[in-house]
Amino acid sequence: MTEKTKTFDAFLSYNSKEKHAIQALDSKLQACGIDCFLDNRELNLEQDSPVTPPLIDAIECSSRVFVAIIGPALAGPWQAREIAKALKMRADEVHLRDRIILVCLPALAKEKRESLRDALELNSAIVFERHLDERTPFTQLLNAIKGKIRQTQPDRTFPDETSWIKENPYKGLAFFQEKDHDKFFGRKELTRDLIGRIQTALDKGAPRLLILSGASGCGKSSLARAGIVAGLKNGGITGSEAWAYATLIPNDRPLDSLANAVVGGLAQNPADAVKLTVAIENDLRDGDEKTLNRYLLQAGEGKKFVVLVDQFEETFTLCRDDGIRRAFIDNLLFAASQHNGPGIVILTVRSDFYQFLIDACGIARPEYVGCLRPIGSVEENELRAAIVEPAQAASVEFAPELLDRMREETEPRDLPLLQDILFKLWPYRVRGTIPLDAYKAIGGVRGALAQRADAIHHSFSPDEQTIVRHIFLRLLRINEDALVTRQRMARANLAREGEKERVEAIVDRLVKERLLVTDAGKVEIIHEALVKNWPALEGWLEEGRGNLYSRQRIEDDARRWEWAGRDDADVYSGNRLASALDWQDWDAWAASPLGLSESAGEFLRAGGEKAQAAERQNRLFEVRRIMLEAQVMRDEQFDLSLLLSATLGQDHPDVAESLGALLSTTQSHPKLAAFLQGHTGSVTHLAFSRDGHTLASASGDKTVILWDVRDPRAPRKIQALQGHTDEVNHLAFSPDGHTLASASDDNTVILWDVRDPRAPRKIQALQGHTNLVWHLAFSPDGHTLASASADKTVILWDVRDPQAPRKIQVLQDHTDEVNYLAFSPDPDGHTLASASDDGTVILWDVRDPQAPRKIQALQGHTGKVNHLAFSPDGHTLASASWDETVILWDVRDPQAPRKIQALQGHTDQVQHLAFSPDGHTLASASADKNILLWDTDPASLARKACRIAGRNMTRDEWRRYMGDKPYRKICEQFPEPGET
């Protein structure tokens, strides 16, 4: 029993489940001169023992500070009673007033910390976030305890407070670097042997190539870096301390990695790396593999140069360019094989890539005998040295039973897992010894890695966990032989489209937690051991292996496309494109979609755009082929010509040439629809009202007639408008249908209120032209009215207030009278078309009426152009001319308009045009006193063609003209020839 007179510096209250951590913390405090009370050590109490008087005495005697230490197991029943006793003593102002400290161990959830702090009525808590060797929280605890001691013992001295700090000599899952040479134990004999092989090769003039081959986790990288290279730099061979060195990992662009490492090893200008890469690529095309050797001779000034290529298997798993791979390997082998040359090459490669070494490097050839050094698992004595000697160098030892347990549970090939468990055990030193309890608490060799990865994974939110899963899957590569390997990826390619910032933040956190490693913008899983020993990752991989492989192929091809400068020749087409797009659609609906990186998404979109362009071109070729067939058959067999044209109208209604062929064929038959008669002079222009119920016609008889055309086959006259003093040349309805504008030879424009067609009235006359006004057009929003005149100009008018119109701008580009105008039907009327006696149509950009600009001139008529009309969808522009024809233009792209077809039927100049609101009917008015109604609907024209032809094609005719396309009846109302 503890004497009541004995005083402790601090009372440590804890749950027995956390005793391994408490013992380590107590050991660190004791090293700094702090004497702590631990109940199981001082009183030998059991967990279910009552809070005995000796225990109360200890709390009271530890008058300086009460430390409540809480870990993931939270407070047990006994600890809760201890804390309650301390709180009561504080309330009674006995000894512990304001001297309670809360210490939170690693993995204690943040919300638990806050609730405990509130319960203890403390302003703050001391938090160990990751492990007990964290300097900041320990220093906070130490200073808090020392402060309480100095309140009662002002002159008390303490040992150096940094005496508890001992740098962790173990590497966890990371490999040993050259700077870790003094901590690299267990491979001394092997290191000496391998350096001796290099010495022998130098002495005998043999190839200075050393290949370290072994299973993942056998320690190849650490041996090469912290063993061989570090040993050479420390003079392992006479003069080797003065040699030049370069260490690299090939990744997906091995020549770049090689050039950067070599140039850096010689301290040359970094720009030389690009030159060296280009030189190697260019020379290899000529069969020259000496470029690297020449560079080492010239830049290295004759000294030896050691090139370590770590993880050489990436040359086969990540590099997809056979030429680049060949250049990389051949230059290394040539440099290593030159007698008295500067090059010494060391490769580390996984043993499951041995066949690649034979096929690509020719390792089986006689000259390379002895270059390959298999690296087996560590021997028993090596394993013990790797465990014990780093700790001994820091004056720390392992409990004997712990050493026995680790040797029993660790296979020689589990070296990475062993390093990880040793790294985790290090903070739990108790007075210079690492106990067995700490090893049990953190899960042992087999469970520690998975537990750690699981804990980190579960610390993310559910949405973040999905991203973590995707990150790890993207960092795995499924090879053609089904081997799964890690792959390094650029950060940018880890993110699916639209989630870059979130992925960046999660990658940074995973790097901090030592599950990922990043270098030069590339990210990879820290070690193959994590791939093989984390059940969650194994489950993700098996669940989505096929999906992952499909995505991997798309990403690989997207990277090649990027490297080639996004060449259209490298994008997918045909079945490959269809398969990739099908996968993308399937993945989008998956429970946990993998998605594609931004560059891969652009890669597929580029393939889709190319396929669409090719499809458009193929369709155009098909249309033109059938057009020629229809034209050839027009004179020989008119009904077949009609059927071929109808086929175009059905199969390609959106291709301009298809409509042209159908119009050309149907208009060659002399059957037309209806005629309107009422004017006493020539009909100059026409305009449909917005609802299509009213047609306005203008005439040389100085009048405007309003017609009811709700039934085009039985039109009737409504009203005649009289107000002009000379011929009426043109008409235009405002977009809202309230206003009709008319233009006349009297140089004026009249605005009419036609809201009630039975009682129209005159609103206002616009004056501004110096010659007769030929044509008018309202912008789609109704704000602007354009007028064309014989004075060769177009005036833009602001007519938002019809009672007070004003002139905005004058367009001057035609060389003769401007006859007609038409705004494109897009909501803002961006394009204005003008027709002139100079035989041209000009397209204007009038998005800003204050600063209009000319886009393109259309040439095709052989006479003056009188009138224009856009189809309602804006795809077609119709122009009427003195040459008695109407031309249909495809203006979907105003920068590249195309002629569709010329319509012939009038016997005098065509003066006016108007499309019906549905775009199916085009009305044309002529000096021949007639109005013709043209059917422009492809479906209607096809039916008309069928009606005139009176039959379907025979199967022989179909095969002759349509090739391998499946036969179908073009005219559903007629049977297939030969049917009964």
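The following exchange goes through how some burial and salt-bridge labels were reached in this predicted model.

Colleague: Why is the pair Arg716 and Asp708 called a salt bridge?

Modeller: The closest N and O atoms of Arg716 and Asp708 are 3.2 Å apart, and since the definition asks for a side-chain nitrogen of Lys or Arg within 4 Å of a carboxyl oxygen of Asp or Glu, the pair qualifies.

Colleague: What makes Asp708 buried or exposed?

Modeller: Asp708 has a relative accessible area of 8%, and because buried means under 20%, Asp708 is placed in the buried class. Its partner Arg716 has a relative accessible area of 47%, which lies between the cut-offs of 20% and 50%, so Arg716 is called partly exposed.

Colleague: How do you know that Asp845 and Arg853 meet in a salt bridge, and which burial classes do they fall into?

Modeller: The N to O distance for Asp845 and Arg853 is 3.5 Å, and because the limit is 4 Å, the pair is accepted. Asp845, with a relative accessible area of 8%, is buried, whereas Arg853, with 43%, is partly exposed.

Colleague: Why is Asp890 counted as buried and Arg898 as partly exposed?

Modeller: Asp890 shows 5% relative accessibility, and because that is under 20%, the label is buried; Arg898 shows 31%, and because that lies between 20% and 50%, the label is partly exposed. The side chains of Asp890 and Arg898 also meet in a salt bridge, at 3.1 Å from N to O.

Colleague: How many salt bridges does the structure hold, and which residues are linked in a network?

Modeller: There are 44 salt bridges in the structure, and a network of them links Lys28, Asp133 and Arg429.

Colleague: What makes a set of residues a nonpolar core, and which members of the largest one touch the most others?

Modeller: The name applies because the members are buried residues of the listed nonpolar kinds, joined through side-chain atoms within 4.5 Å. The largest core has 54 residues, of which Ile145, Phe398 and Met406 touch the most other members. Leaving aside residues up to four places away in sequence, the contacts of Ile145 include Leu29, Ile34, Val65, Val67 and Ile101. A second, separate core has 44 residues, among them Ala246, Leu296, Ala336 and Ala360.

Colleague: What share of the protein chain counts as buried, and how many helices and strands does the chain have?

Modeller: Of the 980 residues, 55% count as buried, and the chain has 30 helices and 40 strands. About 42700 Å² of the chain is exposed, with carbon and sulfur atoms supplying 47% of that area.

Conventions:
Residues numbered from 1 in each chain as written. Predicted model: local features only at pLDDT ≥ 70, side-chain atom pairs only at ≥ 80, totals over all residues. Heavy atoms only, no water. Buried < 20%, exposed > 50% of the residue type's maximum accessible area, 1.4 Å probe, protein only. Contact = heavy atoms within 4.5 Å. Helix = DSSP H or I, 4+ residues; strand = E, 2+ residues; numbered from the N terminus. Areas by Shrake-Rupley, 256 points an atom, 1.4 Å probe, with all protein chains shown as cover.
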